[in-house]
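Student: Could you take me through the surroundings of the ligand in close detail? I would like one connected account.

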Amino acid sequence: MHRSPSSDVSRGGAAALISFDEACSVVSAQASAIQAARVSEAANCDLIDALGRRLAVALIADRDQPPFPRVTRDGFAVRAKDLNPDAKLLVVGQIRAGEAWPAGKPPVAAGEAVEIMTGAPLPPGADAVLMVEHTQESESESGVDASGEARLQRWVRPLSGRTLAPGENVVPEGSEARRGDILLEPGSRLGPEQVALAVSCGFLSVPVYPKPNVAILATGDELVNASAQVRSFAATSGESPAAIQPHQIYDSNSHALAALVQQAGGTPLRQRPARDERDDLATCIREGLQAAPLLLVTGGVSMGKFDLVEEVLAGMGAEFFFTGVKMQPGKPVVFGRLPATTDQPARYFFGLPGNPVSTMVTFRVFVAPLLAALAGERNWQPNIAMAKLVADFRTKSGLTRFLPAYLETSSEVPAVTPVRTQGSGDLAANARANCYLIVPEDCDLLSADQMVRVLLR
Ligand code: AMP
Ligand code: MG
């Protein structure tokens with residue numbers, strides 16, 4: 001799939017377009033190559049700082065989990081077979097969470113019960129726990145003790161003929177994991193759940209891959225660098241700051257990309273916007289490629305006279321994996337690499353179309369897997385779900401489409417409705433949406449009530 005840049009720089013011939021599925025395969029082939037080539041730059045990191053990063057080694061169970069038969073209800077540890085509607089069991093002891101059954105104490109015998117708390121180990125002899133809500137307790141005197149006080153015995157009966165199966169309300173020792181089991185594969189992304197698991201094995205820090213840097217370059221003569229403007233968020237109804245002209249727009253894409261990179265576990269390095277002019281573009285692209293193993297350029301990859309990104313990259317000796325995909329939005333998207341030199345390893349780049357929704361969609365489908373690979377993740381998969389389409393949707397076939405849509409999850413079956421939009425420049429509609437409805441390339445009608453695929457955000 002490597003193309004000669006020179007044949008593509010003429011821009012946009014239909015022959016240069018590949019299908020969406022082919023483009024995904026091209027990206028995943030490169031992602032796999034990155035993983036295979038990944039050298040161990042892993043470093044130990046406190047769990048809280050490791051959030052969002054990928055494990056460099058497997059997390060191994062240090063002991064059986066649970067390490068003892070763990071009681072899951074407050075109640076009475078009993079022998080299940082002792083429970084019958086007439087059962088009356090003698091309470092012979094108590095175990096709190098954190099306590100062990102005393103060494104040498106005989107196992108729970110027929111007709112006996114041990115008062116027990118959630119999280120405590122089941123005592124030997126018992127095989128189930130009767131929930132305290134299902135019991136009735138009584139006391140009776142059984143003679144006097146040495147000081148002449150009445151000695152009381154506690155009894156417990158199952159309420160309303162409750163019975164138990166052996167094992168009820170107990171998690172057997174080792175049933176969640178055996179010592180030495182792999183709990184998380186290398187490359188797993190650490191979220192709060194994985195943090196909890198690591199701590200349950202006694203780790204407070206784990207070896208993780210570093211966050212990859214991602215250079216972000218917006219291009220366009222119409223762009224104003226928002227960070228150069230100081231504007232209070234409260235002043236929404238006021239006049240625009242003087243420095244922005246009516247024909248100019250703020251560069252929102254580089255901020256959108258920075259947010260996407262950060263969310264995906266990378267470190268965004270935003271550059272100043274480049275002008276639609278060869279020398280400035282080349283300078284900015286060189287800076288970006290110098291700073292990071294992955295450069296995201298947004299804008300300047302369409303058919304316009306001043307869309308010069310491909311041409312400039314080609315002039316630097318870039319190899320192009322694709323220069324257009326049969327998708328909408330995102331058709332002019334470009335993916336390639338600057339080969340390794342003696343001073344520098346290979347650098348990847350994407351040229352994302354400048355329309356804000358195109359930039360974000362192409363990030364989610366193409367950049368995310370490559371970034372995940374650079375971050376050390378294996379087998380990255382997009383977050384795709386099925387939902388019921390609320391109303392018929394007609395379109396033209398020939399392109400895989402991604403439509404800003406709203407997924408309603410409170411209904412019995414998740415239901416999706418496209419959001420009314422003015423197209424791939426409509427940031428307001430895109431922000432109102434919470435997913436993208438995916439229309440396959442060969443499809444011109446999606447019918448109401450049909451199950452459809454949605455790309456979750
Ligand atoms: P281009 O891909 O450069 O032809 O740009 C397509 C559309 O996206 C134009 O309307 C641009 O003004 C807009 N656009 C390009 N870059 C940005 C950006 N960084 N932020 C917001 N809008 C942009
Ligand atoms: Mg432009």
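Tutor: Happy to, starting with the classes: Ala, Val, Leu, Ile, Met, Phe, Trp, Tyr, Cys and Pro count as nonpolar, Asp, Glu, Lys and Arg as charged, and the others, Gly among them, as polar. This is a predicted model, where local features need pLDDT of at least 70 and side-chain atom pairs count only at pLDDT 80 or more, while totals for chains, interfaces and linings use all residues. Residues are numbered from 1 along each chain as its sequence is written, chains are lettered from A and ligands numbered from 1 in the order in which they are written, and side-chain values use heavy atoms, with hydrogens and water left out.

By those classes, the shell around ligand 1 holds six nonpolar, eight polar and three charged residues. In total, 17 residues surround ligand 1 (each with a heavy atom within 4 Å of it). The closest are Glu222, Asp251, Ser252, Gly300 and Gly354.

Now for the polar contacts, pairs of N or O atoms within 3.5 Å. Asp251 places a polar side-chain atom 2.8 Å from a nitrogen atom of ligand 1. From Asn253, a polar backbone atom is 3.2 Å from a nitrogen atom of the ligand. At Gly300, a backbone N or O atom lies 3.0 Å from an oxygen atom of ligand 1. Taken alone, ligand 1 exposes 490 Å², and the protein buries 77% of that (accessible areas by the Shrake-Rupley method with a 1.4 Å probe).

How values were computed: A polar contact is a pair of N or O atoms within 3.5 Å; within protein, one must be able to donate a hydrogen and the other to accept it, and residues adjacent in sequence count only if both atoms are side-chain atoms.
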